[in-house]
Amino acid sequence: MRNLAGRIGVAVLLGLAASRAEAVSLRDRLAGASQTVGLASGSAFDALADVIADTAARSIPVVSASAGFTYRFNPQLEVFERTSETLGPIFLERPDTLGQSKININVSFQYVQFDAFDGTSLRRLEAPDPIVTRVVGAGGALLGFTANQLQYRLRIQDYITALSVTYGVLDNLDANLLIPLIQTNFSAGVTSQQRFLAGPDGIFAPSPGPPLTGSTKGDTFGVGDLLLRFKYQLPQLDFLKSAAGLQLRLPSGREEDFQGIGSFEASPSLFASTVLWSRVEPYVNGAIDLLADDVGRSQARYGVGVDVDVTQRLGLAFAFLGRSEFERSAPSGETDFLHLVNGRPALRPLLGIDFARNDFFDFSFGARTVVWRGIMVFANGIYALNDAGLRNDTIIPTVGFEGTF
C-alpha cells in the first residue's frame, strides 16, 4: 500500500506540473479565437469561454464508488462473508458498504468528445445574423462599422484515467478517493466574412468580402477535481436497503483548461435498493451538488437503474441518469453581442448559443464480469437522451477493472 500511495503521489505531482507547463490556457485560446481572423474579442467572448469551460468539466461522467463485492466479518467463523447479492452498478451507487478494513481499487478509462450544443454541431456554431464590430483609425477615431458572418468549429476531447480507492472504515462506513488524470485536446477553427459595411452614421449597406479563416489549438494534461466520497449504510428496513452519502469536490483541476469547476462543492446524497429473486437489484439515487461560491449555480443529480446477474460471474447494469441545473449557466445577456438584425444593431447571443437552465438525461448500459476471485472487469456506454447543453451526441465509452482485498 505504501508503494501504491507513492505512485499515486508521483502521478498527481506530474499531472499538476504538466498542467501548468502551457502558458496559454485552453479557455484563453477559445476566448481569443476571433482574433485569428482580425476580429477583436471582448467580454461576450470571455463569458462564452468561461461557461463552456465550466460546462465541459461538469459534463464528465464519474464512475461509481461502490464495489462489486462487499463483505462483513463473521466473528464466530472468523472469516469475511460476502453480503452483496449482485455484481453492482457502474454509474449509480449501491447502499452496500465494503466491509471494515477491506480495500477496493478501481481503475477506469474513459473517452469523452463533445460534439454538440443544444443539438447544434460544434463544427457549425453560427448565429443567423452577422455580428457588428467597430472600425477605428490609428488615433482611435471611429471610422465606421462592419457586419461579419461568424462561424466557429470547435473540438473538445477528454481522455480520462481515473483511480478510485475505497476503504471500509467500519462495516457500515466507507471512505473513497477518486483521482482523475485528464488529457484534453482542444481546437477552434474560425471563419469570418464581411456582409455589410457602415460609416460613422451606422447606416449599413451590402458590401460582401472574401471569407477569412483562422484557427487555434492546444493540448493539456492535468489532474481533474479530486472527489472525496463517504457512504454510511443505514439499518435495513425489511426488504429495503439504504445509505446516506456525502461527496466533497476539491477544486484541484484547472478550470481554465476545462478540467475543473474552480470551486469547492459538497453533495449530500441518498441511495436505496432492494434485491429480487437473488439476482435482480433495482436502485434509486438522489444528490444535490452545492457549489460553495455560487449556490444558485448548484444542481441536482438523480438516477434509477437495475442490475441483473446473468450468471454468478457476469452482471448487466442499466441506468437512467439525470442532472438538472437550478438556474442558467450564464446570466441572461452576459454572452450577448451586437448583431445586425433586419438592418439594425441588436443584442443577440454570440454564435446563437443561449445558456438557459438545462436538464440532462442519459442512458447508461454496461456489464461487469469476475475474472478471478475479487477481481472483475467492466465496460459501459452512456448515450444522451436529449440535446440540452454541451453534449456527446454518440456514446461515451468506459472500460476498467477493480479488485477488492
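This briefing describes selected residues, a helix and several strand pairings in the structure above. The model is predicted. Two buried strand residues, Ser-187 and Leu-226, are treated in turn, followed by helix α3, the hairpin of β18 and β19, and an open sheet of 3 strands.

**Ser-187 in strand β9**

- Strand β9 spans residues 173-198 and includes Ser-187.
- The relative accessible area of Ser-187 is 15%, and because buried means under 20%, Ser-187 is classed as buried.
- Apart from neighbours within four places in sequence, the contacts of Ser-187 include three consecutively numbered residues, Arg-153, Leu-154 and Arg-155.
- Thr-216 and Lys-217 are also in contact with Ser-187.

**Leu-226 in strand β12**

- Leu-226 belongs to strand β12, which covers residues 226-233.
- Leu-226 has a relative accessibility of 19%; this value lies under the 20% cut-off, so Leu-226 counts as buried.
- Although 46 residues separate Leu-226 from Pro-180 in sequence, their C-alpha atoms are 6.9 Å apart in space.
- Pro-180 is also one of the residues that Leu-226 touches, together with Leu-178 and Ile-179, when residues up to four places away in sequence are not counted.
- On the same basis, Leu-226 touches Leu-248, Arg-249, Leu-250 and Ser-252.

**Helix α3**

- Helix α3 is formed by residues 43-58, 16 residues in total.
- From its first C-alpha to its last, α3 reaches 23 Å, which is close to the 22 Å expected at 1.5 Å a residue.
- Burial is the rule along α3, with 13 of its 16 residues buried, and the helix is accordingly mostly covered.
- In an α-helix there are 3.6 residues a turn, so residues three or four places apart point the same way.

**The hairpin of β18 and β19**

- Strand β18 (residues 336-341) pairs with strand β19 (residues 344-349) in the antiparallel sense, over 6 bridges.
- Within this pairing, Ala-346 in β19 has His-339 opposite it.
- The hairpin has 2 residues between the strands, and Asn-342 adopts a positive phi near 55° there.

**The open sheet β5-β4-β22**

- This sheet is open and consists of 3 strands in the order β5-β4-β22, with antiparallel pairing.
- Its edge strands are β5 (120-121) and β22 (390-391), each of which pairs on one side only.
- Strand β4, made up of residues 116-117, pairs with β5 over 2 bridges in the antiparallel sense.
- Ala-116 is positioned opposite Ser-121 in β5.

Key:
Residues are numbered from 1 along each chain as its sequence is written. This is a predicted model: local features need pLDDT of at least 70, side-chain atom pairs count only at pLDDT 80 or more; totals for chains, interfaces and linings use all residues. Side-chain values use heavy atoms; hydrogens and water are left out. Helices (H or I, at least four residues) and strands (E, at least two) are DSSP runs, numbered from the N terminus. Buried means under 20% relative accessible area, exposed over 50%, partly exposed in between (1.4 Å probe, protein chains only). Contact means heavy atoms within 4.5 Å. The expected span of a helix is 1.5 Å times one less than its number of residues. Two strands pair if DSSP finds at least two bridges between them.
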